[in-house]
Amino acid sequence: MSAPKVVITGTGAVCAAGIEPQAILDTILSGHSAIGPIRQWDTTGWPSNRAGEIAGFDPRKLVPDRKLHKLIRRTDLVGLYAASSAIAASGFVAYRDALAPDQVAPYNDRTGAIVGSGGGNFQNQYDFFPLMSAANGDMPAFGRELADNVNPMWLLRTLPNNVLGHVGIQYNLKGTNACITNHSVGGTLAVIEAMEALRAGEADRVVAVGHETPIEPQMVLYYHRVGLLAQHTLRPFDAAGDGSIFGEGAGALMLETAASARDRGASVIGQVLGGGYASEGQGLLAIRADGDGLVRAIGLALEDAGLDPADVGMVVAHANGTRQSDASEAAALRTVFGNAMPPVTGFKWAFGHLIAAAGIIETVVALAALKANVVPGIATLASLDDGCAGLSVSAQPRPPRSNIALVLCRGFAGTNAALLVRTA
Amino acid sequence: MTSQRRVAVTGVGLVTPVGNDVATTWDALLAGRSGGAPITLFDASGFSTHIAAEVKGFRPTLVDDRKLLKFANRSHRFALEAAEQAMRDAGIRPTAEDAARWGCAVGTGMMTAEYDDLAQTHAHCGMSGELDPVGLLDDGPANDPLVFCRGQAAEGLALLTRRFGIHGYATSVHTACASGGQAFGTALKLIRRGRVDRVLAGGFDSMISPIGISGFCLLSALSADNSTPQRASRPFDATRNGFLLGEGAGFVVLEEWEMARARGARIYAELAGDGNSLSSYRITDSPPDGDGPIQAMHQALGDAGATPADIDYINAHGTSTPMNDRSESAAIRAVFGADVARVAVSSTKSTMGHLIAAAGAVEGVVCALAIARGEIPINANYRDPDPDCDLNLVVDAPRRQRVRMTMSNSFGFGGSNSCIVMRHPEEVDGRDGAGAAR
């Protein structure tokens, strides 16, 4: 018995470049980056002060249920928004609600959610500052005055798995689930694990989500101190590249077995063909120069999908703009594709690095690009870096070689993920 | 699915509030010796709860790599030590040749900032009650890369994969109190899929800090029996009034069954089944009728090819909160039917307290030990029966019996439910843990 085909019946995305996949693709194709000055705090005197912030961030527009706003964080708002968008696009809720009453519970038990989450942030910890000021270094006083100074729901607001819990409650999803807190690869792993759950028959439908809002003072400062942030512009694979830039947002895909989609006559956007994942084990920030982990992840993904390198129509690279990552990624792509390099692009230059959401939002945008039969250009690319020689990159849009995209994603702890998707 | 790869538990490691290794912890679990005591890690006298189950007298002994430990917070140190114990116990480690066939799956804690770092930042640029971002630019902790690394969600994974040279699938999961169980479930699937042959799996956590205790005190989740810390955790007892916060780590080495047998590994148990559901009820509660946990338990049994009649021991989630224990009892009754009178149940949180993200992993190790040793640890502190929790609880003395199969439940804030089923090696291939034919 062969594993069921995994199809995509809905997508959702939000980031600085737009609040739905087509709008984000349009921004990218316009050649204008949505990265700009940070507005969430006064960055006068800051060594790095640019990011891809969601313009006019309005919690009510993202999550209509206002009661929820007190219980969740900014990162949860964007995650819930993207998940809801993908679920709405898939139309499965209307189908479920029209089922005979005794079929609804089994349907919910067979519907899961897998989320890649950034985990903790620093801003939530500052909620203790008023208490610390009141206690003035006196720990017993800190304990006594706790309830008068800190929101009783503080711990719940801080849960890294809030999007999972609240998506479940909102849509009554009761099946297989996970919250993956694996730095940048979390969102891509959510897609891979959702695909595997469907193949293994653990569920018939799974919404995969990735979300993160890393643009906060202490996070920006740390990334700057460890040398990962660019001064002004994210220029992947470029000789003038000097680092990455944060973005914020979320991406989501509604994945189903082909049978689940067929049963309700759902329109299918595309298919998840395979995934691969490998780690390098060199420490939190270390990356091997030869791209070893990425080479193995791509190899596993191709093998998993039963595809050859020649089948890949375009590569959406991690392309985060840091010299070390870009050069090792280029090395990996040379190893895999040699002289038969498909068109390579990347999207972070246009909306920043969404960390846990990066790989999944880029998968969503890749599907939109394949549908439009275009490999968007990297508009900030002026001069290919010597270390990235051999890549087929361009500042201009080009046609893809086929309707299959290889989407790459890399994270802290030397983690590397590769995902193969196609349009219907 | 006859060709499905099986998974063997071949090494175990524990750092818990009742022992910094497996043997010490096991003795305490059989005796029901509680790890509860007044908090010593900071002056908790002002909090509504000032007791916890701390790991005691801990110092990394097996892992002495000072460069690595510099990047490790308290919970990472527990993890490194317990993982090292498990690797040594299994008698196998990744080599350059097979590193890519090793995976790592861990349940990690919530990654809150260290209190001392936060207090420094507060004193420097937060005295007004709000952060002054400009002040952050010359704040100590906010410019210290070590503080950054120790606080990253992926740091535990980074330290473990580096320490042991693991180059395959490596992942951290966080579903609150279900994290450890979900890590075991993930590891099981990785080996079944054939992506890796061996996985270092576990969980680690430490929330016994002013911030961690605050979070739970604010929710009134902790027992406030401050004068009787050793009796504070009494799962399924009618007078239970909240959980006892613990800390620590539990790790296992998992191997594809045939490979483990081929190298003559000592097999504790088969990791046989995983169940995984969402309650989708409320963020903090399970539904009173056990909906959610019921599906996870059914799935785990089905996944293991087992029925309730095969299970001899349930290591309950059993947090000692009024709601959880009632809901879990209802779920066990619903799943086990008439077998509920036969199947032995205990919550080892009665002695160790609640290890949060590490709980499911530590309790998974407990199940592997129960099978391997033919001993069932007790549900300590049980005195007053609760009619809503009429289970066959192991009280007073541990049971010494053959344990064919075990079930371990872990339910988390957010509604994730994990259920892990293990099987005695003889029930798999007729050979005991050492490989001798029966």
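**Figure 1. Chain B of the predicted model, with its helices and strands.** Chain B contains 15 helices and 14 strands. The model is predicted. Along its principal axes, the C-alpha trace of chain B spans about 70 × 55 × 35 Å. A compact globule of 438 residues would have a radius of gyration near 22 Å, and the 21 Å of chain B agrees with that. Of the 438 residues in chain B, 66% are buried. Taking the contacts in chain B between residues at least 6 apart in sequence, 78% join residues at least 24 apart.

**Figure 2. The two assigned domains of chain B.** The domain assignment divides chain B into domain 1 (7-111 + 152-427) and domain 2 (116-147). Domain 1 of chain B is thus written as two segments. The C-alpha centres of domain 1 and domain 2 of chain B are 35 Å apart.

**Figure 3. Leu69(B) and its surroundings.** Leu69(B) belongs to helix 2 (residues 66-70) of chain B. Is this residue buried, partly exposed or exposed? Leu69(B) has 14 other C-beta atoms within 10 Å, so it counts as partly exposed; a buried residue would need 20 or more, and an exposed one would have 12 or fewer. Leaving aside residues up to four places away in sequence, Leu69(B) touches Pro60(B) and Arg77(B). Leu80(B) is eleven residues from Leu69(B) along the chain, and their C-alpha atoms are separated by 9.0 Å.

**Figure 4. Chain A, with its helices and strands.** Chain A has 17 helices and twelve strands. The C-alpha atoms of chain A fill a box of roughly 70 × 60 × 40 Å, taken along the principal axes. The radius of gyration of chain A is 21 Å, which agrees with the value near 22 Å for a compact globule of 424 residues. Buried residues account for 64% of the 424 residues of chain A. Among contacts in chain A between residues at least 6 apart in sequence, 81% join residues at least 24 apart.

**Figure 5. The two assigned domains of chain A.** In chain A the domain assignment gives domain 1 (6-120 + 160-423) and domain 2 (125-154). The centres of these two domains of chain A, taken over C-alpha atoms, are separated by 38 Å.

**Figure 6. Helix 15 of chain A and what it packs against.** Helix 15 (residues 323-337) of chain A has 15 residues. From its first C-alpha to its last, helix 15 of chain A reaches 21 Å, close to the 21 Å expected at 1.5 Å a residue. Why is helix 15 of chain A described as largely enclosed by the rest of the structure? Eleven of its 15 residues are buried, so the rest of the structure largely encloses helix 15 of chain A. Among these buried residues are Asp326(A), Glu329(A), Leu333(A), Val336(A) and Phe337(A). The buried residues of helix 15 pack against helix 14 (292-305), strand 9 (314-316), strand 10 (344-345) and strand 11 (404-411) of chain A. Just after helix 15 of chain A comes Gly338(A), with a positive phi of about 55 degrees.

**Figure 7. Where chain A meets chain B.** In this view, 70 residues of chain A are in contact with 73 residues of chain B. Helix 7 (residues 139-144) of chain A supplies the largest share of the side of chain A that touches chain B, namely six residues. That side of chain A is made up of 37 nonpolar, 25 polar and eight charged residues.

How values were computed. Residues numbered from 1 in each chain as written. Chains lettered and ligands numbered in written order. Predicted model: local features only at pLDDT ≥ 70, side-chain atom pairs only at ≥ 80, totals over all residues. Contact = placed C-beta atoms within 7 Å. Helix = DSSP H or I, 4+ residues; strand = E, 2+ residues; numbered from the N terminus. Nonpolar A, V, L, I, M, F, W, Y, C, P; charged D, E, K, R; others polar. Expected span 1.5 Å × (residues − 1). Domains from an automatic or database assignment. Rg over C-alpha atoms; globule rule 2.2 N^0.38 Å.
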